[in-house]
Amino acid sequence: MTVVKSSQSKEPLFYCMNQFLTSKQTCEQFSISRSTLKKWRIGLGPISPILIEGAHWYRIDGKDCRFNSQLIEDFLLNQNNPTAHQRAIENYLRSLPSSQS
């Protein structure tokens, strides 16, 4: 991952080379089961989803999903530090062209 920083801020301006993976590719890359990925995406019973649509994953053609490999990796690395992972989500969302002035 390449991080481009603004000269006026310590925060990353944007992340380059996001890789969006299918469910199968995500499970293979991170050694998780399809049922775990589904549980994280849609929740289970009273448990809310862990992954955020529009950040961690996107719906394609109303059926297929693509997963943001950088945010999934960050989620796995920061399971015990949700504040750090929230910063990664915010940085990613700020990096999108739709968030630029």
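Analyst: Helices here are DSSP runs of H or I with at least four residues, strands are E runs of at least two, and both are numbered from the N terminus. The model is predicted, so local features need pLDDT of at least 70 and side-chain atom pairs count only at pLDDT 80 or more, while totals for chains, interfaces and linings use all residues. Residues are numbered from 1 along each chain as its sequence is written, and side-chain values use heavy atoms, with hydrogens and water left out.

User: Thanks! How many helices and strands does the chain have, and what pattern do they follow along the sequence?

Analyst: You will find 4 helices and 5 strands in the chain. From one end of the sequence to the other, the pattern reads β-β-β-α-α-β-β-α-α.

User: What share of the chain's residues is buried?

Analyst: Buried means under 20% relative accessible area, exposed over 50%, and partly exposed in between (1.4 Å probe, protein chains only). Of the 101 residues in this chain, 32% are buried.

User: How should I read a helix such as α3, and which of its residues are buried?

Analyst: The general idea is that an α-helix has 3.6 residues a turn, so residues three or four places apart point the same way. Helix α3 covers residues 69–77, and its buried residues are Ser69, Gln70, Leu71, Ile72, Asp74 and Phe75. Have a look at the start of α3 too: there, a side-chain oxygen of Asn68 comes within 3.1 Å of the backbone nitrogen of Gln70.

User: Now for contacts. Among those between residues at least 6 apart in sequence, what share joins residues at least 24 apart?

Analyst: A contact means heavy atoms within 4.5 Å. In this chain, 45% of the contacts between residues at least 6 apart join residues at least 24 apart.

User: Where is Leu51 placed, and is Leu51 buried or exposed?

Analyst: Leu51 sits in the loop between α2 and β4, the strand of residues 57–60. Leu51 counts as buried because its relative accessibility is 4%. Setting aside residues up to four places away in sequence, Leu51 touches Leu37, Trp40, Arg41, His56, Trp57, Phe67, Ile72 and Phe75. Try following one of these partners: Ile72 is 21 residues from Leu51 in sequence, with the two C-alpha atoms 8.3 Å apart in space. Ile72 is also among the buried residues of α3.

User: His56 is on that list as well. Which side chain does the side chain of His56 join in a polar contact?

Analyst: A polar contact is a pair of N or O atoms within 3.5 Å; within protein, one must be able to donate a hydrogen and the other to accept it, and residues adjacent in sequence count only if both atoms are side-chain atoms. For His56, the partner is the side chain of His85, at 2.8 Å. His56 belongs to the loop between α2 and β4, and with 1% relative accessibility it counts as buried. Beyond its neighbours within four places in sequence, His56 contacts Ile50, Leu51, Arg66, Phe67, Asn68, Leu71, Ile72, His85 and Ile89.

User: Let's turn to the backbone. What sign does phi have at Ser31 and at Asp61?

Analyst: Ser31 is not a glycine, yet its phi is positive, about 55°. Asp61, also a residue other than glycine, has a positive phi near 55°. Ser31 lies in the loop between α1 and α2, whereas Asp61 is in the loop between β4 and β5.

User: Are these two buried or exposed?

Analyst: Ser31 counts as exposed because its relative accessibility is 67%. Asp61 is exposed too, with a relative accessible area of 76%.
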